[in-house]
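The following exercises ask the reader to work through the architecture of a two-chain model step by step. Each task is followed by a worked solution.

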Amino acid sequence: MNLRYALTAAALVALAIGFWLAAGTPPDAVQGEYVRIIHVHVPSSWVAFLAFGGTLLGSAGWLITKRARFDHYAAASAELGVFFTALSLLTGMIWGYVTWGIAWDWGDARMSSTALMFFVYLGYLALRRATLNPVDRARRSAILGIVAFVQVPLVYFSVVLFRTLHQTPSITTEGSTMESSTLRAMLFGLFAFTLAYAAFTTWRTRQLIIEAELTATDAEHAGSAVTAPTLGGRP
Amino acid sequence: MRFWRTALRIAMRDLRIEGRSGEVLLTTIPFGLAALFLIPLALPLDRQLIATVGPGMFWIVTLLFGMFVTFRQSAVESPAQRETLRLLGVDPAARFTGRVITSALLLVVFEAVLAPATVVLYAPEPIDGWPLLAALGIALIGTMAVDVTAGLRGRTSLAPLLVAPLSVPLLMPAASAAAAIRRGDGIVVPALLMGFAVLALAILGVMTAHSLEEASG
């Protein structure tokens, strides 16, 4: 069994256990059953940050080594980051609607900055799509992959730096304010989503490598089909 | 010293081209003023409301038209000119810095015209924020976006898609700095945020200048 299959199996098992643990947590006195949204929302946000960090590393790796594998990893990680950012925004909006009474609050620095981060990485994916030459694409997107990461710390620390509706971190070095079984389920959820990220990334990176190989093969066939014109009728 | 001399020469060259063509002064600034003039027509005739949205409109127009100011680089510098500079051995980092200086200066001029116009048209309170830092931030991001999208078919729509969301986190503290001070929140947080972002962008821009030049081929 290779690494991809092992990671996928581990991720599936971990996700199943994570959801089972989340289902077993008690409802919140104020939020009721909706408190369970955090078991998807928090791990999604974490994986989004992790994925954009992966894009940063892949981009830096390509610029240093010029190995295509790093570029494919950066792309795969960005795609997953965009997906998990969207999931985080969506679950946050649902939770906000039932808890705060509004799905979107413009005064909330975390929501606004996360949405901006989402658009920045959509731009990253659009740039990749717009560039046809693989080396050119890798170079351009590597630079953007590094520049785009500048705002990730701003998004993460926005709840601390600004007066905002979003709560500050519940888990600090001094302990946690959460109920113990909820905390346990959420921590396991973080682990399960991280495994899922690793599994998805390895599959998607592999797929991008195969795509690149096929494109290179196609290009060769297209080129070899062109032959020199023959001027018939004259010796 | 040689780095800065080269950067300033590039900046002087770009400013001379701007002086001759007047793209920013004669086209972008009047267009920005027209936008400021049109926005209140879409709002109810409520002086208080118009005065409230005034500063926000100033920053929106600065961002959207500021992008045009930075994107003008792709029009003034042809691939042949870039190739010549490369063959002459001009340091890409100095070239990048020079172009950022030009764009930042032009953006400051743009803001200097726009700010009094906003006060006249909207009668807001004095416009909050740090226009100089905002101009520098937009200039840095815009210059990088121009290089990253150079030569692509969809660059006219792609470059704004990259610049706008990246610039907003910079503009948020820039726009709210004075208000934060008045509220008693202090100057440290917005100053640190802006400083960190601009410094990080400047370092990244200079570090990736060689790759950016190859990308813009």
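## Exercise 1: Composition of the chains

Chain B has nine helices and zero strands. The coordinates form a predicted model.

**Task.** Set out the order of elements in chain B and chain A, and state how much of each chain is buried.

**Solution.**
- Step 1. From the N terminus on, chain B reads α-α-α-α-α-α-α-α-α.
- Step 2. Chain A contains seven helices and two strands, and its elements follow the sequence α-α-α-α-α-α-β-β-α.
- Step 3. Of the 217 residues of chain B, 43% are buried; in chain A, buried residues account for 39% of 235.
- Step 4. Consider contacts between residues at least 6 apart in sequence. In chain B, 85% of these join residues at least 24 apart; the corresponding share in chain A is 78%.

## Exercise 2: Two packings of helix 5 of chain B

**Task.** Determine how helix 5 of chain B packs against helix 6 of chain B, and which residues meet there.

**Solution.**
- Step 1. Helix 5 (residues 92-122) and helix 6 (residues 131-149) of chain B have axes that come within 8 Å and cross at roughly 135°.
- Step 2. Helix 5 of chain B is therefore oblique to helix 6 of chain B, since only angles over 145 degrees count as roughly antiparallel and those of 65 to 115 as roughly perpendicular.
- Step 3. The crossing of helix 5 of chain B with helix 6 of chain B is right-handed.
- Step 4. Helix 5 of chain B contributes residues including B:Phe96, B:Val100, B:Leu107 and B:Glu111, which meet residues of helix 6 of chain B, among them B:Leu132, B:Leu136, B:Ile138 and B:Thr143.
- Step 5. By class, this contact of helix 5 with helix 6 of chain B comprises twelve nonpolar, three polar and two charged residues.

**Task.** Carry out the analysis for helix 1 and helix 5 of chain B.

**Solution.**
- Step 1. The axes of helix 1 (residues 2-21) of chain B and helix 5 of chain B lie 7 Å apart, at an angle of about 45°.
- Step 2. These two helices of chain B, helix 1 and helix 5, are therefore oblique to each other.
- Step 3. Helix 1 and helix 5 of chain B cross in a right-handed sense.
- Step 4. On the side of helix 1 of chain B, the contact includes B:Phe3, B:Arg9, B:Ile10 and B:Asp14; on the side of helix 5 of chain B, it includes B:Arg95, B:Arg99, B:Ile101 and B:Leu106.
- Step 5. The contact of helix 1 with helix 5 of chain B divides into ten nonpolar, four polar and five charged residues.

## Exercise 3: A helix pair in chain A

**Task.** Are helix 2 and helix 3 of chain A roughly parallel or roughly antiparallel?

**Solution.**
- Step 1. Helix 2 (residues 38-65) and helix 3 (residues 68-99) of chain A pack with axes 7 Å apart, at an angle of about 160°.
- Step 2. Helix 2 and helix 3 of chain A are therefore roughly antiparallel to each other.
- Step 3. Helix 2 of chain A passes helix 3 of chain A in a left-handed crossing.
- Step 4. The residues of this contact of helix 2 with helix 3 of chain A fall into 14 nonpolar, 15 polar and one charged.

## Exercise 4: Burial and the nonpolar core

**Task.** Identify the residues with the most contacts inside the largest nonpolar core, and the element that supplies its largest share.

**Solution.**
- Step 1. The largest nonpolar core has 103 residues, and A:Ala51, A:Tyr197 and B:Leu162 have the most contacts inside it.
- Step 2. Helix 6 of chain B provides the largest share of this core, twelve residues.
- Step 3. Beyond its neighbours within four places in sequence, A:Ala51 is in contact with A:Ser77, A:Ala78, A:Leu80, A:Gly81, A:Phe84 and A:Tyr197.

**Task.** Is A:Arg139 buried or exposed?

**Solution.**
- Step 1. A:Arg139 lies in helix 5 of chain A.
- Step 2. A:Arg139 counts as buried because it has 25 C-beta neighbours inside 10 Å.
- Step 3. The C-alpha atoms of A:Arg139 and A:Trp62 are separated by 7.8 Å, although these residues are 77 residues apart along the chain.

**Task.** How many residues of helix 4 of chain B are buried?

**Solution.**
- Step 1. Helix 4 (residues 79-87) of chain B is hardly covered: of its nine residues, the number buried is zero.
- Step 2. B:Gly89, with a positive phi near 80°, follows helix 4 of chain B.

## Exercise 5: The contact between the chains

**Task.** Describe the side of chain A that touches chain B.

**Solution.**
- Step 1. The contact takes 22 residues from chain A and 23 residues from chain B.
- Step 2. In chain A, helix 4 (109-130), helix 5 (134-148) and helix 6 (151-161) each supply at least two residues of the side that touches chain B.
- Step 3. This side of chain A has 15 nonpolar, four polar and three charged residues.

How values were computed. Residues are numbered from 1 along each chain as its sequence is written. Chains are lettered from A and ligands numbered from 1 in the order in which they are written. This is a predicted model: local features need pLDDT of at least 70, side-chain atom pairs count only at pLDDT 80 or more; totals for chains, interfaces and linings use all residues. Axes are lines fitted to C-alpha atoms, for helices over the stretch in contact, and angles run from 0 to 180 degrees between N-to-C directions. Helices (H or I, at least four residues) and strands (E, at least two) are DSSP runs, numbered from the N terminus. Angles under 35 degrees count as roughly parallel, over 145 as roughly antiparallel, 65 to 115 as roughly perpendicular and the rest as oblique. A crossing is left-handed if the near helix is turned anticlockwise from the far one by less than a right angle, and right-handed if clockwise. Two residues are in contact if their C-beta atoms, placed from the backbone, lie within 7 Å. Ala, Val, Leu, Ile, Met, Phe, Trp, Tyr, Cys and Pro count as nonpolar, Asp, Glu, Lys and Arg as charged, and the others, Gly among them, as polar. A residue is buried if 20 or more other C-beta atoms lie within 10 Å of its own, exposed if 12 or fewer, and partly exposed in between; C-beta atoms are placed from the backbone. A nonpolar core is a set of buried Ala, Val, Leu, Ile, Met, Phe, Trp, Tyr and Cys residues joined through C-beta atoms within 7 Å.
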